[in-house]
Protein chains: 2
Amino acid sequence: MVRRVGLTPERLALAGAELADEVGFEQVTVSALARRFDVKVASLYSHVRNSHDLKTRIALLVLREMADRAAAALAGRAGKDALVALANVYRDYAHEHPGRYAAGRQPLDPETAAASAGVRHSQMTRAVLRGYDLAEPEQTHAVRLLGSTFHGYVSLELAGGFSHSSPDSQESWTRVLDALDALLRSWPAAPQAPSEPSEPS
Amino acid sequence: MVRRVGLTPERLALAGAELADEVGFEQVTVSALARRFDVKVASLYSHVRNSHDLKTRIALLVLREMADRAAAALAGRAGKDALVALANVYRDYAHEHPGRYAAGRQPLDPETAAASAGVRHSQMTRAVLRGYDLAEPEQTHAVRLLGSTFHGYVSLELAGGFSHSSPDSQESWTRVLDALDALLRSWPAAPQAPSEPSEPS
DNA sequence: GAAACTACCTAAAGCCTTTAGGCAAATGGG
DNA sequence: CCCATTTGCCTAAAGGCTTTAGGTAGTTTC
């Protein structure tokens, strides 16, 4: 008489994401996941290569979930409205699912990253910038600024960086978004290339 | 005949920081540190409470080192010059010492954080903002924006987010700093408080 | 010079990872 | 329907990291 639990890489990643929200991504471990399925540890190794593989799968799941939310939030919005919506997707997701969010910050090797939903994220940031008037390469600089600021803010907030100090974090967040909107509307012109006009370094 | 190596919490933290730069902060472990001193693992437990304590000490060391560099960089500078100098302190430190930088992102419990060099960091960011015309509470919002953007950018960059894509990261970094400078010079006015004028939330 | 302390040690328990090899249930071709 | 294969979970075991308990030999102190 043998129990078959029905493990798959997908179910493991999902359960791992839930576990991350409950106990923190650091504590997500092959052993802990096995306990959660009431199964021996070794059994999981038929479905994930190793601990790192598991974490990568969770990260990819998270990136997909966030991208899906972002796509839904951006539909039918433009300009500052879109900017704020996208920003709030990340922040709200992080607040609702801190463990998942931490998983999403897991570094991926380049090939994995290229095949991940991370690509959709930068496409959506670019979509937001359609509401502003930015040509390349400035658009790319702006994409990077937005990504950095969103994730930097949320990470610091999650780490407790802004708690117990006034003004409260929500207010700063609102003002930061106001500021980014203003910045994108009047993006400063690139300065003259220093010396060699036709061959920028 | 007994070998005395001369372990202290400080030396352990320093060696841990070096180890982090060599093999990554994730791999910094009490065992690895013991090997590095050619000493038995248990011996370290007279000097640090546990693994978490060790990591916290490394984080505090890193925050101090970065604050020292920042203080040196800010001396005699103001305005955009100061802004760029401070930003580059973080970015250069992260590039030179990726493991140490990762250690510095280790979350600290509130009391530890309050007693850390983190306080100096926000003071220095405020000092940079003296070159711009920002009254409270907007100054605090701006401090948070700068901290988020600096650390967000550097983290993404370190995670490989901007590699193998053009324009190169150095160029984006320069333009992001141009943009932040422009933003601080024309910081958008706070919108009207929605309903209760004399009692801002 | 004895007492107390310091700095490192041995021993051991507990948990996590990973690989190897096994057995029963499900599957599917003849 | 039956047997062979595959699938899914198991036991066993080795190796690493953490942490505590208890020892021992220099070193300091009075």
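Helices in this account are DSSP runs of H or I of at least four residues, and strands are E runs of at least two, numbered from the N terminus. The structure is a predicted model, in which local features need pLDDT of at least 70 and side-chain atom pairs count only at pLDDT 80 or more, while totals for chains, interfaces and linings use all residues. Residues are numbered from 1 along each chain as its sequence is written, chains are lettered from A and ligands numbered from 1 in the order in which they are written, and side-chain values use heavy atoms, with hydrogens and water left out.

With regard to DNA strand D, α3 (41-44) of chain A and both α2 (30-37) and α3 (41-44) of chain B each contribute at least two residues to the surface near the strand, a residue being near if one of its heavy atoms lies within 4 Å of the molecule or strand. The largest share of this surface, three residues, is supplied by α2(B). The strand is surrounded by 22 residues, of which A:V5, A:G6, A:S43, B:T29 and B:S51 come nearest. By class, the surface near DNA strand D comprises 10 nonpolar, seven polar and five charged residues, where Ala, Val, Leu, Ile, Met, Phe, Trp, Tyr, Cys and Pro count as nonpolar, Asp, Glu, Lys and Arg as charged, and the others, Gly among them, as polar. Sugar or phosphate accounts for 68% of the atoms of DNA strand D within 4 Å of the protein, and bases for the rest.

Individual N and O pairs (within 3.5 Å for a polar contact) involve both chains. A polar side-chain atom of A:H47 lies 3.3 Å from a phosphate oxygen of DNA strand D, and a backbone N or O atom of B:V30 is 3.1 Å from a phosphate oxygen of that strand. For B:T29, a polar side-chain atom is placed 2.6 Å from a sugar or linking oxygen of DNA strand D.

Around DNA strand C there are 23 residues, the closest being A:T29, A:S51, B:V5, B:G6 and B:S43. Polar backbone atoms of A:V30 and B:G6 lie at 3.3 Å and 2.7 Å, respectively, from a phosphate oxygen of this strand, and for B:K40 a backbone N or O atom is 2.8 Å from a phosphate oxygen. Two or more residues of the surface near DNA strand C come from each of α2 (30-37) and α3 of chain A and α3 of chain B, with α2(A) giving the most, three residues. This surface divides into 10 nonpolar, eight polar and five charged residues, and 67% of the atoms of DNA strand C within 4 Å of the protein belong to sugar or phosphate.

Chain A is superposed on chain B, by least squares on the C-alpha atoms of residues with pLDDT of at least 70 in both, through a rotation of 180 degrees with 0.0 Å of shift along its axis (RMSD 0.0 Å). The two copies are thus related as by a two-fold rotation axis, to which A:G152 comes closest among the residues of chain A, with its C-alpha at 1.9 Å.

Over all chains, 28 salt bridges are counted, each defined as a side-chain nitrogen of Lys or Arg within 4 Å of a carboxyl oxygen of Asp or Glu. One of them joins A:E157 to A:R91, with the closest N and O atoms 2.7 Å apart. Because A:E157 lies in helix α9 (residues 138-158) and A:R91 in helix α5 (residues 79-96) of chain A, the pair ties together parts that are 66 residues apart in sequence.

How values were computed: Polar contact = N/O pair within 3.5 Å; in protein donor to acceptor, adjacent residues only side chain to side chain.
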